[in-house]
Structure formats: structure tokens, C-alpha cells
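Reader: Please choose one part of this structure and take me through it closely, and then show me how the rest of the chain can be read from there.

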Amino acid sequence: MVAALPWPSPLRNKLSKCGEFGHWAWNAWRCHSPACVRCRSLYSSGQKKQLTTTLQDARNADLSMVTIMFAVANEAESIGPVWIKGKSDLRNRVNAMRRENARWDRVVITGWMEADPIVFDDLATLGSQQRTMLASLNMPAWRADGGPAWVVHLHAVAHHPAIDWQSMNAALTSQWPGERRVHVQQFSEGRSVESNLSGVVSYATKYRAGRWIGAGYDYWPAPWMAEYYGWMDRFSHGWKSMRFRMTQKCSVEHAPVNDDDIEPMYSTCSFNSYPILYTDARWSA
Ligand SMILES: [Zn+2]
């Protein structure tokens with residue numbers, strides 16, 4: 001990764017220093033950049049622990065992995081606006097569902113952004129599933145410099161104890177229509193909740209150095225890595241901006257907390273204190 005970056009660059013400097021001892025009281029200095037392989041895996045472990053704790057009483061049947069393909073950004077610098085709009089649309093969709101049906105109040109979603117590079121020539125070599133998915137997205141303005149457009153998407157854990165995964169899928173598909181654009185996959189009953197959660201978080205926060213095209217793995221050219229991780233490092237403020245989180249809607253005493261910048265922010269309302277039964281009627285106090 002470091003070798004892929006231009007020299008000098010702030011990110012290159014940061015990644016080279018990460019893990020060095022002695023900067024502060026002989027503790028290893030960490031860069032906390034999402035572009036850093038070491039810090040990425042530390043972050044991923046922390047998120048697994050946090051989710052496992054928060055969802056320790058959850059059942060596999062009430063958990064799904066949600067993938068949403070938002071749109072194609074023309075270049076890395078345009079990923080940010082697509083992601084910000086995608087997050088806002090998702091929040092608005094869940095809120096709209098909550099206004100219709102109080103069963104949505106308990107939905108909790110935690111996920112992360114990823115973007116896959118694509119160049120015009122790929123259209124001829126992609127598998128049929130990828131082609132089908134791309135057909136439902138906007139066609140990017142292909143770059144004169146041959147650099148990639150970026151398919152911006154979200155992988156998330158959804159806890160939906162009062163609605164089934166089909167309803168979740170239907171609501172999200174109405175927001176993002178098109179074949180293979182939304183995918184809601186139930187957690188496997190053959191594995192523990194903890195193991196399923198860990199698998200999704202690993203997948204959603206994985207380090208990207210290449211991609212699958214047809215049956216072959218294709219490593220990203222160095223300039224693509226520099227473009228993607230350089231953008232991410234400038235955009236992310238140490239991961240927070242790469243994450244989507246929406247907590248359950250609670251009673252008035254516990255207003256919903258949806259600010260991406262506050263930590264910790266899992267909902268504090270317990271199921272027991274929730275004032276209503278989960279009927280289809282909207283609750284009004
Ligand atoms: Zn680091």
C-alpha cells in the first residue's frame with residue numbers, strides 16, 4: 001500500500017510512521033487511518049466486540065446482512081457526495097417506514113461504505129450478475145485518463161426483531177429499485193450470532209487491494225489504490241464518516257441518537273422499558 005502512494009504525501013508519511021514506538025511514552029503510535037492495514041484490523045476487531053455486546057440477546061432470525069448499491073461516482077473525489085446522499089436516503093427510508101409502522105422502531109442498522117473500481121473495458125468482461133446490477137445504476141462519465149469510476153455501496157448488519165427480512169428487503173428495494181441493487185441476506189442458523197456478526201463486520205471493513213472479475217482476481221493498479229485510500233483518508237476523520245449507524249427509536253425520554261459523530265451511541269432504551277406492544281398501529285402518546 002505505502003509503495004502505491006506518491007511521495008511525498010501526508011498519507012504515505014502517516015502509514016510509514018504507524019506502529020513506531022516511542023513517540024508518546026513508549027506506546028506504539030497509531031495512525032487510525034482507514035487506509036492502514038494494521039489500524040483497519042484493530043478497528044474491525046473493536047467494532048465486532050461492540051456489536052456483539054450490543055446484540056448479545058439477538059437471534060439469528062432477527063439479523064440480516066444488508067447490501068445496497070447506491071450509485072456510481074465518476075472518480076474517487078465524487079464518492080463522498082454519493083455516500084452522504086445514500087446514508088441520508090437510508091435514514092429517511094427507515095424513518096418513513098417508522099411513520100407507517102411502529103414495528104420499524106426497533107430496527108438498528110450498522111454498516112460501512114465501500115467502493116469498487118470500474119473502467120469502461122470491464123463492461124465486456126464482468127459476470128452477468130454484476131452486469132445486471134450495474135444496469136440499474138447510473139452510467140458514469142468515463143474518464144479520459146483511463147482511471148476508474150467507483151461503485152459506491154454499503155454492507156451493514158441489520159437487527160430487525162419486529163419485522164421479517166422480506167419486509168426489510170421490500171422497503172429498501174422501493175427506495176433503490178433495480179435487480180440486484182439491494183440484497184438482504186438472513187444470518188446463517190448454522191453459526192452463532194457472534195460468528196455471523198464477526199463475518200459481516202470483517203467483510204464490510206475488509207482491506208481492498210483487488211477485485212474479482214469473472215473467475216480471476218485482479219489486483220488494483222497502484223494509482224487506483226492511491227486514489228481510493230488517499231480520498232478515504234482525507235474524507236474519513238478516522239473511520240467515523242465511513243460508517244452508517246441508525247439506532248432504534250425510543251420513548252420520548254430517550255430520543256433517538258443518530259449523530260455519526262458521537263461515541264458511544266448505541267441506543268440506551270431497553271426492550272423492557274419500551275412503552276407499547278408491537279402492533280401495526282402507529283403509537284402516539
Ligand atoms: Zn495505522
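**The zinc site and beyond**

Author: Cys39 counts as buried because its relative accessibility is 4%, where buried means under 20% relative accessible area, exposed over 50% and partly exposed in between, for a 1.4 Å probe and protein chains only. This is a predicted model, in which local features need pLDDT of at least 70 and side-chain atom pairs count only at pLDDT 80 or more, whereas totals for chains, interfaces and linings use all residues. Residues are numbered from 1 along each chain as its sequence is written, and side-chain values use heavy atoms, with hydrogens and water left out.

Cys39 is one of the residues that coordinate the zinc ion, where the sulfur atoms (SG) of Cys18, Cys31, Cys36 and Cys39 stand at 2.3 to 2.4 Å; a donor is an N, O or S atom within 2.8 Å of the metal (3.2 Å for Na, K and Ca), and water is not among the atoms, so sites may look incomplete. The four donor atoms make angles of 99 to 115° among themselves, and the site of the zinc ion is tetrahedral, a term that asks for four donors with all angles between 85 and 135 degrees. For reference, the ideal angle at a metal with four tetrahedral donors is 109.5 degrees.

Read along the sequence, the donor residues of the zinc ion follow the spacing C-x12-C-x4-C-x2-C. The pair Cys18 and Cys36 links distant parts of the chain: these residues are 18 apart, and both sit in the loop between helix 1 (10–17) and helix 2 (37–54), helices being DSSP runs of H or I with at least four residues and strands runs of E with at least two, numbered from the N terminus. Cys18 and Cys36 are both buried, and Cys31 counts as buried because its relative accessible area is 10%. Despite these cysteines, a search of the whole structure finds zero disulfides, a disulfide being a pair of cysteine sulfur atoms within 2.5 Å.

The loop between helix 1 and helix 2 also holds His32, whose phi is positive, about 60°, although His32 is not a glycine. His32 counts as exposed because its relative accessibility is 53%, whereas Cys31 is buried.

From the zinc site one can turn to the empty spaces in the protein. The structure holds one cavity of 30 Å³ or more, and the volume of the largest cavity is about 50 Å³. Its lining is made by Arg40, Trp112, Met113, Glu114, Ala204, Thr205, Lys206, Arg208, Tyr228, Met232, Trp239 and Met242. On a 1 Å grid over the protein atoms alone, a cavity is a set of points where a 1.4 Å probe fits but cannot get out, a pocket is an open set with protein on both sides within 12 Å along at least five of seven lines, and lining residues have an atom within 4 Å of a point. Grid points are joined across faces, edges and corners, and a volume is the space filled by probe spheres set on them. Strand 2 (108–118) and helix 8 (222–236) each supply at least two residues of this lining, and strand 2 gives the most, with three.

Strand 2 is also joined to strand 7 by four bridges, and the two run antiparallel, pairing being counted when DSSP finds at least two bridges between two strands. Within this pair, Thr110 stands opposite Arg245 of strand 7. Strand 7 (residues 243–246) points Arg243 and Arg245 one way and Phe244 and Met246 the other way, and all are buried.

Strand 2 appears again in the lining of the largest pocket, where strand 1 (63–73), strand 2, helix 5 (128–135), strand 3 (149–159), strand 4 (182–186) and strand 5 each supply at least two residues. This pocket holds about 860 Å³ of space. Among its 28 lining residues, Met69, Asp116, Gln130, Met133 and Tyr203 are the closest to its centre.

Strand 5 (residues 210–213) leads on to another antiparallel pair, since four bridges join this strand to strand 6 (residues 216–219). Trp212 has Tyr217 of strand 6 as its bridge partner. Strand 5 and strand 6 form a hairpin with two residues between them, and Gly214, in the turn, has a positive phi of about 60°.

Conventions
Tetrahedral: all angles 85-135°; square planar, octahedral: opposite > 155°, others 65-115°.
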